[in-house]
Amino acid sequence: MKKKLLYLSCHQILEYDEVKLFSEMGYDVFSTGSYAFPFYREGMSRPGIDTLTHYPELERLASTIVSSGYDLPQELIDWADIIVFMHMPDMIEKNLHKLVGKRTIYRSIGQSIASTEDLLRNLRRKGIEIVRYSPKEVNIPNYAGSDALIRFYKDPNDFKPYTGRDAVAINVTQSAVQRAEACRFPQIKTIGEGHNFKVYGNGNPDEGMFGGSLSYEALLDKLTNSRAYIYGGTFPACYTLSFMEAMMTGIPIFSVGRRHGNMLNHTIHFDYFEVPDIIEDGITGFCSDNLNQLNQRLGALLHDRDLAIEISLRAREKAIELFGKDNLAPQWQALLG
């Protein structure tokens, strides 16, 4: 009989990746997020997941979670053999008395600060397992430890071969203007200034440098055919899914360096930004805190498709090594048993 895995989600794209993986690994998975109804609906950021079973009664119970103040229905908990919380340590704490006897895992997404780690330390003492997504998390103040390090994954087969056909640099950031400091939009603009540069993502207009939102297929096309990708990360995250998808495609990435990557509101925080450790500058991409230099190097790459192709091949190879599905699925299998 399949083991039942309850997945509590706060991010649709990561939910798609991990719920799909657990289902393919042979678990009977129910997710409380967008995939409580597992089939595609208009406006979803990712496809449906046909390997999931639709549980209408569990879907109904999941729909009450927010309105109840994140008080989890006991029937949902009773259904599961394993429970995975995508972040949301406050929800774990609130429902801790209901989770007794259930194997419960906190899945890090990098959105942690000192107070989060204090809470996680207490949860870990009470039997909650912690799965981290980056080795840089050890630098978070008051770090609470971990039981495993398993990176986010991407399936290389989902991404089309890079062409670099269009001499344009792109960025994908939700609500870039409203979240300017947290997603380092001022730095991104500096790198792209004076070049053919477009910003995509939900919450952005469709005018000027902005290109509005993209469907999943349109996103894949942009990553495949655009010459370069400008990256600023978000606070506080060691790396993000958009970075992984760009690197897995092979589009050359121009990223801020360690100083800008660890900064919010002109203040350097703890050393958590992992991208400078992943990108070998000039080899698998471009990474520097000298934004004007990045701007000049971007201009050169936009006029040199052959160099872009060389960078692309090395970047994709590195991405598969770090984030490839075939490398990470066995790590989950080993942990879950």
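Contact here means heavy atoms within 4.5 Å. The model is predicted. It is described below by its two sheets and the helices that lie on them.

**The six-stranded sheet**

One open sheet has 6 strands in the order E2-E1-E3-E4-E5-E6, and the pairing is parallel. Its edges are strand E2 (28-31) and strand E6 (148-149), each of which pairs on one side only. Helix H1 (residues 12-24) packs on this sheet and touches strand E1 (4-8), E2, E3 and E4. The direction of H1 makes about 175° with that of E1.

Within the sheet, strand E3 (residues 82-86) pairs with strand E4 (residues 103-107) over 5 bridges, in the parallel sense. Phe-85 stands opposite Tyr-106 of E4.

Helix H13 (residues 325-336) also lies across strands of this sheet: E1, E3, E4, strand E5 (129-132) and E6. H13 runs at about 145° to E4.

**The H12 and H13 pair**

How do H12 and H13 lie relative to each other? Helix H12 (residues 305-323) packs against H13 at an angle of about 10°, and their axes are 6 Å apart. Angles under 35 degrees count as roughly parallel, so H12 and H13 are roughly parallel to each other. On the H12 side, the contact is made by Ile-320, Glu-321, Leu-322 and Phe-323. On the H13 side, Lys-325, Asn-327 and Leu-328 make the contact. By class, the contact has 4 nonpolar, 1 polar and 2 charged residues.

**The five-stranded sheet**

A further open sheet has 5 strands in the order E8-E7-E9-E10-E13, again with parallel pairing. Strand E8 (197-200) and strand E13 (286-288) are the edge strands, and each pairs on one side only. Neighbouring strands of this sheet are turned by 20° against each other on average, direction ignored.

Strand E7 (residues 166-172) and strand E9 (residues 226-231) pair in the parallel sense over 3 bridges. Asp-166 has Ser-226 of E9 as its bridge partner.

Two helices lie across strands of this sheet. Helix H7 (residues 216-225) crosses E7, E8 and E9, at about 105° to E9. Helix H8 (residues 241-249) lies across E7, E9 and strand E10 (253-256), at about 155° to E9.

**Helices on the sheets**

| Helix | Residues | Strands | Angle |
|---|---|---|---|
| H1 | 12-24 | E1, E2, E3, E4 | about 175° to E1 |
| H13 | 325-336 | E1, E3, E4, E5, E6 | about 145° to E4 |
| H7 | 216-225 | E7, E8, E9 | about 105° to E9 |
| H8 | 241-249 | E7, E9, E10 | about 155° to E9 |

Terms used:
Residues are numbered from 1 along each chain as its sequence is written. This is a predicted model: local features need pLDDT of at least 70, side-chain atom pairs count only at pLDDT 80 or more; totals for chains, interfaces and linings use all residues. Side-chain values use heavy atoms; hydrogens and water are left out. Two strands pair if DSSP finds at least two bridges between them. Helices (H or I, at least four residues) and strands (E, at least two) are DSSP runs, numbered from the N terminus. Axes are lines fitted to C-alpha atoms, for helices over the stretch in contact, and angles run from 0 to 180 degrees between N-to-C directions. Angles under 35 degrees count as roughly parallel, over 145 as roughly antiparallel, 65 to 115 as roughly perpendicular and the rest as oblique. Ala, Val, Leu, Ile, Met, Phe, Trp, Tyr, Cys and Pro count as nonpolar, Asp, Glu, Lys and Arg as charged, and the others, Gly among them, as polar.
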